[in-house]
Each structure stands twice: as structure tokens, then as C-alpha cells.
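Please look over the sequence and the model shown here, and then follow the explanation below, which goes from a pair of helices to the chain as a whole and on to single residues.

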Amino acid sequence: MFLSFYEIFFLLVFSATKFMASALYILAIKRISWTSTFLILLIGGCLGILVFYFLGAFINQLIDRLLRRWKKDKLSANKFSSSSRRIINIKSKYGLIGISLLTPLLFSIPLGCFFATRFFKRSSQTLIIMLFGVVFWTVVLSFTKFVVSM
């Protein structure tokens, strides 16, 4: 059975932002084949990575400018919250590959791209590795849909 344009558009936008939630939603729908699942997750996830990678880089530049101005006005002590410690811990333990593999699963794509551009902005491989994470999970989830639909 075919999907309408609006359904495809919704699934693409949904997979571009909340990849794992959209994958679970698509896996639950019986009328979507595994090839459609593959294409929707791949296109939506890769478009999400591309959009939010460059948007995250722009937002990080704005944050850096604001922090430079703020630090000139006010001397502040380094204070670490539990969430900032957790993020630094993930960066230290797993690196860019870990962030790229965890982004579709645990983080949303916008948040994962923000972390990647924040911590690995000087690496020329950041975008390619982030795309690899989406492709990896697309293959795994599409194969799951294929096995379940048999």
C-alpha cells in the first residue's frame, strides 16, 4: 500500500529530528515495507544530520561570541554541573565515533550534531562520521523490519 505525500513528509521530518522514535513508529506500521523504511530513515536521517550540523556550527559560533563578551565583563569560576560532566564523560570515553553512534539512539539528531560541532569542529571527518552513524542504524533497523515482516 502506498503512503500519501503528507505521510512521507511527516516521516522524513520526524526521522530528521527524532530518529529512533520515528524508526519505532515505522516498525510498528505494517503497511510500510522494509525498503520504504530504509529509504525514509536514510533520507530523513541524512537530511537531519546535514541541516543540524551546519545549524549547530552556526549556533556554536554565536555562543562563542557571547561567551567572549560575557567573560570580558565578568570573571567566573569554572563550575561543572552534573549534565556538563556527563557530556564531557561521553566525549572523553567514546569520542566522535561514540557520539555519532549514540546520536540516533539516545540523543536527538539536533542535539548530537550540536555536540559534534561543539567538541570536534576542527576535525574534517566530523560530518562524514555523523552520517555514518545514521547509515549504520538505518541498515540495522531496516534489517529488523525485514526480519520481522517475514
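Are H4 and H5 roughly parallel, roughly perpendicular, roughly antiparallel or oblique to each other? In this predicted model, helix H4, which covers residues 82-105, packs against helix H5, which covers residues 109-119, at an angle of about 125 degrees, and the axes of the two helices lie 10 Å apart. Angles over 145 degrees would count as roughly antiparallel and those from 65 to 115 degrees as roughly perpendicular, and H4 and H5 are therefore oblique to each other. As for the handedness of this pair, the crossing in which H4 passes H5 is left-handed.

The residues that form this contact can be named from both sides. From H4 come Ile-87, Ile-88, Lys-91, Leu-96, Ile-99 and Thr-103, and these meet Ile-109, Gly-112, Phe-115, Ala-116 and Phe-119 of H5. Sorted by class, the contact of H4 with H5 consists of eight nonpolar residues, two polar residues and one charged residue.

H4 also holds Arg-86, a residue that is exposed because its relative accessible area is 53%, a value to be read against the cut-off of over 50% for exposed residues. Between the C-alpha atoms of Arg-86 and Ser-15 the distance is 25 Å, while in sequence these two residues are 71 positions apart.

Ser-15 leads to the start of the chain, where a second pair of helices can be described in similar terms. Helix H1 (residues 5-17) and helix H2 (residues 19-28) pack with their axes 5 Å apart and at an angle of about 140 degrees, so that H1 and H2 are likewise oblique to each other. In H1 the residues of this contact are Phe-10, Leu-11, Phe-14, Ser-15 and Thr-17, and in H2 their partners are Phe-19, Ala-21, Ser-22, Tyr-25 and Ile-26. Seven of the residues in the contact of H1 with H2 are nonpolar and three are polar, with no charged residue present.

These helices belong to a chain that has six helices and zero strands, and its pattern along the sequence accordingly reads α-α-α-α-α-α. The C-alpha atoms of the chain fill a box of roughly 60 × 30 × 30 Å along the principal axes. Of the 150 residues in the chain, 33% are buried, and the accessible surface comes to about 9800 Å², with 70% of that area belonging to carbon and sulfur atoms. Among the contacts in the chain with a separation of 6 or more, 77% are made by residues 24 or more positions apart.

Two further residues, taken from other helices, add local detail to this picture. Gly-44 is found in helix H3, which spans residues 34-73, and its relative accessible area of 0% is why Gly-44 counts as buried. Once the neighbours within four places in sequence are left aside, Gly-44 is in contact with Leu-12, Ser-15 and Ala-16. By contrast with those contacts, Gly-44 and Ile-32 are twelve residues apart in sequence, and their C-alpha atoms are 15 Å apart in space.

Phe-136 is found in helix H6, which spans residues 126-149, and with a relative accessible area of 35% Phe-136 is partly exposed. From Phe-136 to Phe-58 the C-alpha distance is 26 Å, and the two residues are 78 positions apart in sequence. Placed side by side, the three residues represent the three classes of burial: Gly-44 is buried, Phe-136 is partly exposed and Arg-86 is exposed.

Conventions:
Residues numbered from 1 in each chain as written. Predicted model: local features only at pLDDT ≥ 70, side-chain atom pairs only at ≥ 80, totals over all residues. Heavy atoms only, no water. Axes fitted to C-alpha atoms, helices over the stretch in contact; angles between N-to-C directions. Helix = DSSP H or I, 4+ residues; strand = E, 2+ residues; numbered from the N terminus. Parallel < 35°, antiparallel > 145°, perpendicular 65-115°, else oblique. Left-handed = near helix turned anticlockwise from the far one by under 90°. Contact = heavy atoms within 4.5 Å. Nonpolar A, V, L, I, M, F, W, Y, C, P; charged D, E, K, R; others polar. Buried < 20%, exposed > 50% of the residue type's maximum accessible area, 1.4 Å probe, protein only. Areas by Shrake-Rupley, 256 points an atom, 1.4 Å probe, with all protein chains shown as cover.
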